[in-house]
Amino acid sequence: MKVPIKLLVNGEPHQLEVAPNETLVELLRERLHLTGTKEGCGVGDCGTCIVLLEGIPVNSCLVLAVDANGRHVATIEGLGDERKLHPLQESYLEKGAVQCGFCTPGMIMSGKALLDQNPAAGEDEIRRALSGVLCRCGAYKKIVEAVKAAGEKMQGAR
Amino acid sequence: MNRIRPFAYFEAGTVAEAVGLLAREGSGAYALAGGTDLLAQMKMGTLTPRVLINLKRIAGLNGIGREPGKGLRIGSLVSISGIEHSPLVRESHRVLAEAAGGLGSPSIRNLGTLGGNIGRASPASDMAPSLIVLRARMLVEGLQGKREVETDGFWKGPGATVLAAGELITAFLVPDMGPGSGAAYMRLGRREGMDCTLAGVAVCLTLSESGSGLKDARVALAAVAATPMRAKRVEEVLLSGSLTEERMKEAARAAAADSCPVSDIRASDTYRKALVEVLTYRGLAKALRLAKGATS
Amino acid sequence: MKTLYVGKSVPRLDGMEKVTGRAVYCVDVELPGMLYAAVLRSPHAHARILGIDTSQAKAAPGVKVVVTGKDVPYTFGEMIKDQPFLAMDRVRYVGEPVAAVAAESELEALEALRKIQVEYEEMPAVFDPREALRDGAPILHPDLAEYVRSSIYDIVPGTNVCMIRRYSLGNVEEGFREADEIFDDEFYIHAVAHTPMETHAAVAQYAPLENAFTVWSSTDGPHRRAKELAGSLGVSLNQVRFISTYSGGGFGGKGSMVAEVLAVALAKFSRGRPVKLVYSREEELTASQTRHAAFLRLKTGMKRDGTFTARQADIIWDKGAYASKGIDVAYRGMLTIVGPYRIPHVDLLSRLAYTNKQCGGAYRGFGTIQVTWACESQMDIIAHKLGIDPLEIRLKNAYVDGDRYINGQVLTTVGLKETLREAGREIGWGKPKPKPDGTKVRGTGIASVIKPTATPTDSYCYIKLSQDGSVVLFSGTPEIGAGQKTVLAQIAADTIGVPLSSIAVPNVDTAVAPFDSGTTSSRATFHMGNAVRLAGEKVRREILTIAAEILNTEPDRLSLSEGIITGDGAGEGKTLVSVLAKKFPRGGTILGEGHYSPEGSPLLAAMPGRERLSSIFWMFATHAIEIEVDTETGIVRVLKVAAAHDVGRAINPVLCEQQIEGSVIMGLSNALFEEFRTAKGRILNATLADYKLATMMDLPEIVPLMIETYHQEGPFGAKGVGEPAAAPTAPAIANAIFDAIGVRIKDLPITPEKILAALHEKR
């Protein structure tokens, strides 16, 4: 059975026919070849699959593709590139918050959702917002510093 | 990585349609709300539904409203984070927001729904104890029509509720706490964030207008019995006289004694009982502070 | 030599790719015609395979290949080839691969697994390594003596002894006679999973005409894997090509072939179509590799003044079903159970026992975590018994420059005491303890570590300079997340004299890059850094020779920095590009080759016959940790970690901090949260919900402190930093707990249950 869906991914419209048992992370990675979003566990325990669904962070491994119909999905690829980086991406580089980088997309998208709501978020709030993304490299300390610095940049820009 | 096996898929436009579909499809048909539990189980292979009926297109189930003089009405499809951040909930039933805030991780809270959490009937549900102590009721709709069900007594065992086949929770009615009331939910896991609860204790106390005793006391526990459980004996202890330090400790011991946790891969039964005692005492202390007018 | 890049925290070369989501990890690889794999695994810990029927699976929708052990009768293993690609006559652990399927989609491959029938005959299994060593235990490898072994070490055929090794210095009995106090303690350290965020994965492609394999993998040692695979398959090295992708974490777990052999097995029969295998998280936790669990008995003789007279150690390591790198882990680990202390008489015994479990492999620290747990826990037991401050007793016995290691090697650049003092200072050692806050009690603990690097190993590299001044560094050192590419580029830039931005460091391709022993053992900066330095110097000399010709002068009268040549005849300065354009009008290449191995270095001199124990550099670190115990719940919260590390020279300080901060979290997580819950060899908590890693919420205050001792043979004085910090965390926490509540936990993990039980016992 195929279900036709329309969705926006990073602002670009897509029209697809998906199987009901297809997940959003599979759609992004395998149909749209946007492999920036990762799948570290498949069951919502690690956060590496986090994307923003209508601006809200969700584990895309637990969202059926059909439930993305008519919605807007934001992934790491839409955030910025070498021509213009998002303040979070800049701060991650400046603060040394990237090690192996596998959790980076999930962390950055979670950070974006937080800072979009509250760029002045303090350390406790930052930790809570990112508490659902596991980093085995243990880069947590510099990740918090990076999010804080990005928030300051975003406040400055307003 | 894990893949979901194929299933027949339906989207319900109304509650009646969902109820009808569930009845028609019979066994092997499941209602899909937030999916954080259902889809995870399907990926792990512990559940293989033949049919999924998606409830999320049904309008009118994801709002939070106040009925003045009565209490809150929370739609069953309201997300856990919706409860966590709702100014209405934080204003009148803060304990629900706090319980919601301790569940899973932020992104999971954005997906999971209150109806899904309660309907899933996990003995460790973080939302259940608070709803019990607040005397919340559920609006339920099935083939036989609509009815109201108390949360206290809703669960029959792990994964089992009093709902008939094809019945769906549509809303939660949470009556206002009386004046002089305070409620708290204390939980602990193994680590600070993103963890399942090893023991959870919800307490709601109402001070009596006179003296140092209580007019009302409700206590409920999570993760230490086959279902979320109301701790009636603890309530009796609390209501038996003035609420001294000694009485609070006695109540805490009673809670531990009445709980019947199992030993599993997450914790031993003795440790869970120890936590129940500690969390009950701490919950009572906090609820008492709040009842007396403190803000936290 | 003045450096423009070395010593600075330049941004990572791979950073842009990673923050924009464009970095390709093995799990992201997509190739035309690619098939997807799934693996059928044993449900039994120990069983004979009576028969496998794959006929229905072969006919299943989308299926192209189904293989069993019979199709690929090869074994592998760097030290001993005891591990089959797929189980042959028997299975030895729950989760062992028994059959594999390649299909047009992953779902179809998974569905096909259900159609494979396997008949097993269960056999008795053994799960405790001590039991495995007893007479009558079920034997996992009855044909042990027949396996191909690549080096001489002791096995005991007909038993479960994978390895037995003994090392002695002096006379321990005499040492014990001289002691005023003898301490005899037993410790246990549990197995933990590497748990990289990127699970094990591999893509393999077979070219039938050439009988050649290409494997995409995030392994940490592509050349060594290629060598191993070629050896197993009986082909030449030019028939096996490993292409490194970015790695989503290794920590040693990608230091052996795991998914690779299965992908290769399928690719052999897929008529040239690439086959991709991605481990599920459950497979990652149950069927990849672990850190070896160990039972450690330490008998130590001390004088009343707190100095050592003797140490006797008896370690039983839990090997799991296959050897992998365990033989070296057990040997190297044993040798550092003496700690970084002067001990005149030493007798060490190490036994590695096969058990019916997922096998142990290299895990950050390579045996040091286990032995440091025992050594540094006992150090505090000793300190408290003798009435000596735990920091003082360590300072008293700590190695200094000129001391000899237990094989006679003279130790140099020993920054240990500085790490002890710095960590102690930062944590406020000796300050009055705060009063308990309700049920919460604080405590402080300290622990040190000594770690060698595998010696000798080899690093070769090529540096290619093109006529436009751009440089490519071909090294076999994969980027596994610690910034290997960046550090090597920094060294190259300063050595050659070109801007950092002109240097590209592609991912490793063994078809192009010369041999390297891989990113392991904290060796990359030192060994490949030296090879890069040597190659860079050659390139630099050639540039200056060419420039001297053009400018009609002598090379030693010219300098090169940031791509500008200055000196005699160069006027205001000539750009490198202009010089190269003159020399190579149609195009051209300058190629520098560098090779570094510490073999033959005078620094390795030791007592005759014992040189193998020497290390070209030794790493030292100390952690001082403040914790808080809730005496009602038993929950331990780590408040602050002062982590002082002797890094030799910080080529890139931020990258060093990343390693220190990161491995503190790993050590904390290992000690407090991680544990396998098993029943009959089956792991029951095979999800990240129930196998718990530290989250952002568990982050303590971490203060990384770097001590620079300038190693005489290290590139710009650097040593290594990747591994040591994972070791002292657990014993420092245990020591802090003792300081707080007088409870000594001797077996890991430290759980609230153990704390509460110990507190109850105390009352």
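Two residues are in contact if their C-beta atoms, placed from the backbone, lie within 7 Å. Keep that idea in mind as we walk through this predicted model, starting with chain B.

**Domains of chain B**

Chain B is divided into domain 1 (8-54), domain 2 (67-175) and domain 3 (182-291). Between the C-alpha centres of domain 2 and domain 3 of chain B there are 20 Å. Where these two domains touch, 21 residues of domain 2 of chain B are in contact with 24 residues of domain 3 of chain B. On the domain 2 side, at least two residues each come from α5 (94-101), α8 (128-133) and β8 (155-157) of chain B. The most generous contributor is α8(B), which gives 5 residues to this side.

**Chain A meets chain C**

Now let's turn to a contact between chains. Chain A brings 40 residues to its contact with chain C, and chain C brings 45 residues. On the chain A side, α2 (87-95), α3 and α5 each supply at least two residues.

Two of those helices also pack against each other. Helix α3 (residues 104-117) of chain A and helix α5 (residues 140-157) of chain A have axes 11 Å apart, at an angle of about 40°. Angles from 35 to 65 degrees count as oblique, and α3(A) and α5(A) are therefore oblique to each other. Their crossing is right-handed. If you would like to find the meeting place, look for M107(A), G111(A) and L115(A) in α3(A), which meet residues of α5(A) including I143(A), V147(A) and M154(A).

The table sets out the residue classes for the three contacts described so far.

| Contact | Nonpolar | Polar | Charged |
|---|---|---|---|
| α3(A) with α5(A) | 6 residues | 2 residues | no residues |
| Side of domain 2 of chain B that touches domain 3 of chain B | 11 residues | 6 residues | 4 residues |
| Side of chain A that touches chain C | 17 residues | 15 residues | 8 residues |

**A sheet in chain C**

Strands of a sheet pair through backbone hydrogen bonds, either parallel or antiparallel. In chain C, 5 strands form an open sheet in the order β9-β17-β16-β15-β10, with mixed pairing. Its edge strands are β9 (161-169) and β10 (181-189) of chain C, each of which pairs on one side only. From one strand to the next, the twist averages 5°.

Look inside the sheet for strand β15 (residues 293-302) and strand β16 (residues 308-320) of chain C, which pair in the antiparallel sense over 10 bridges. For example, G301(C) has A310(C) in β16(C) as its bridge partner. Finally, helix α10 (residues 368-386) of chain C lies across β10 and β15 of chain C, running at about 145° to β10(C).

Notes
Residues numbered from 1 in each chain as written. Chains lettered and ligands numbered in written order. Predicted model: local features only at pLDDT ≥ 70, side-chain atom pairs only at ≥ 80, totals over all residues. Axes fitted to C-alpha atoms, helices over the stretch in contact; angles between N-to-C directions. Helix = DSSP H or I, 4+ residues; strand = E, 2+ residues; numbered from the N terminus. Parallel < 35°, antiparallel > 145°, perpendicular 65-115°, else oblique. Left-handed = near helix turned anticlockwise from the far one by under 90°. Nonpolar A, V, L, I, M, F, W, Y, C, P; charged D, E, K, R; others polar. Domains from an automatic or database assignment. Pairing = 2+ DSSP bridges.
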